[in-house]
Amino acid sequence: MKKVFKIILSTAFVFLMSASAVFANEAAHEAVSEALPIWSIIPFVGMLLSIAVIPLIKPEWWEKNMLWVALAWSAVFLVPFAIAYGVGETWFRFLESVLLDYVPFIVLLFGLFVVAGGIALKGTLIGTTKVNVLLLLIGTLLASWIGTTGAAMLMIRPLIKANAWREKKVHIIVFFIFMVANAGGCLTPLGDPPLFMGFQRGIAFTWTFHLFPIFAFNTVLMFIVFIIFDRYFYKKEIAAGRSPQDIIGNSAKEPIRVEGAHNIIFIAMIILGVILSGVLPKSVDFFADGAGVHIYDEIVLSYAVIVEIVLILLASFLSLKTTKKSTRELNEFTYAPIEEVAKLFIGIFITMIPALALLKVHGGQLGLDQPWQMFWCTGLLSSFLDNTPTYLVFLQTAGALGQPGVFTTVGTVAQQMLLAISVGAVFMGANTYIGNAPNFMVKSIAEENKIKMPSFFGYMAWSFSILIPIFIIDTFVFFVF
């Protein structure tokens, strides 16, 4: 099987590399997007079904071959696309998705994963409902300031450690994904990439504070549901004869202390890199007007993004060099979770090219002129597509309506419309494992710690039964009346 994949990928690579440097223009690329048939999304659907089904049927095979599956589906898209539209157009689309989107995406995740993995909590943490609520609350509040990925990577290991004595703890990880890896990132542009893209398009940094009532409302509802679940399972653990004392033994409780706290400096470096990528083009002439390294056709790797990548990789390197090996061992740190995300998301980013192209071309034809429509369309598509381009498509669609409200570089957007798009993109990323990258990383870390997480569809059963009713309430409370 691997030989077949290698042949397919080698052929595709040679085909792509043979592209002549014939430069197109934006109109030409848009014409290709308009010509794309709806069935061009089949490889993307196949990629999603592979993630959902194969681990259930052949889990060991999937662990060894997930990268090959991702690359095979990528080839299934790239080769026919190249035959239909030309090698040059294919190379352009490939570079646009991989170089401009995937590389910064995976570098940021890698940096936060490495640096957060160097911060460990020592001491006795006992996973009672009160402690779990406190840990979830800290992570949720941190997410808007160090990003959902940073907060998730920082808080997931202490949460797992605190609940090591429990047998039933899947619900804890699921709610962690809901709150820390998604909803918590809505209050600043640092929290989630879609909001940062809005900031880059002229929306004020503090505008996202308008999301606080929705954030507070949803957080309270989710905590109420969590407490009900957690108290129920806690009582079952005690009734079954399990106790936190099983983990502690006869030793006295150790006070809580932090090891590797200097890594907070490196998290600050990463945040600085992200902020600079948006600020430098606006404030320094050298970085303005899309200045950067020309790669191919209209593909330019901007100097601002290069600065961001360099700062993130430097922070990662310094973290690895300055953090004690014992600290990472305390966290049971391995690269397996970030490797899994890197392997799967390369396939997702490539195969979703036609889906995003179709959405960009036809998004304005969907007849969306009400906030509740924007909320659900942005949210449901963000559950399966990258929420950043989805957010940008609907931001542009809302800007074209010409309604008075918040100024952006793509037009003036009504405040309720912008609220709906922002909340949909951030909150509904929790609907699936692939809705937001930290979701998959949290799942991988939990499984690495012997927690049997739900399957792709099993997780959706959790999210649809808990989150969808909350989102329906949001619709009537915030976007209809």
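The following legends describe close-up views of a predicted model. In this predicted model, local features need pLDDT of at least 70 and side-chain atom pairs count only at pLDDT 80 or more, while totals for chains, interfaces and linings use all residues. Residues are numbered from 1 along each chain as its sequence is written, and side-chain values use heavy atoms, with hydrogens and water left out.

**View 1. The aromatic pair F77 and F81 in helix 4.** Rings of Phe, Tyr and Trp (its six-membered ring) pair if their centres lie within 6.5 Å; planes under 30 degrees apart count as stacked, over 60 as edge-to-face and the rest as tilted. By this rule the count comes to 31 aromatic pairs. One of them joins F77 and F81, whose centres are 5.2 Å apart with 45 degrees between the planes, a tilted arrangement. Both residues belong to helix 4 (residues 59-85) and stand four residues apart, about one turn of the helix; helices are DSSP runs (H or I, at least four residues), numbered from the N terminus. F77 is buried at 4% relative accessibility, and F81 is buried at 5% (buried: under 20% relative accessible area, 1.4 Å probe, protein chains only).

**View 2. The aromatic pair F175 and F178 in helix 7.** The rings of F175 and F178 meet edge-to-face, 5.4 Å centre to centre and 65 degrees between the planes. Three residues separate them along helix 7 (residues 170-179), about one helical turn. F175 is buried with a relative accessible area of 0%, and F178 is buried at 1%. Ring pairs link both residues into a cluster with F226, F229, Y232, F233, Y433, F440, Y459 and W462.

**View 3. Charges over the rings of F333 and Y433.** A charge sits over a ring if NZ of Lys or CZ of Arg is within 6 Å of the ring centre and within 35 degrees of the ring normal. R328 lies over the face of F333, 4.9 Å from the ring centre. K443 lies over the face of Y433, at 5.4 Å from the ring centre.

**View 4. The surroundings of N436.** N436 is placed in the loop between helix 18 (415-427) and helix 19 (437-448), and is buried at 8% relative accessible area. A polar atom of its side chain lies 2.9 Å from the backbone oxygen of A181. Apart from neighbours within four places in sequence, N436 is in contact (heavy atoms within 4.5 Å) with T148, A181, N182, D192, N387 and G429.

Technical notes:
Helices (H or I, at least four residues) and strands (E, at least two) are DSSP runs, numbered from the N terminus. Buried means under 20% relative accessible area, exposed over 50%, partly exposed in between (1.4 Å probe, protein chains only). A polar contact is a pair of N or O atoms within 3.5 Å; within protein, one must be able to donate a hydrogen and the other to accept it, and residues adjacent in sequence count only if both atoms are side-chain atoms.
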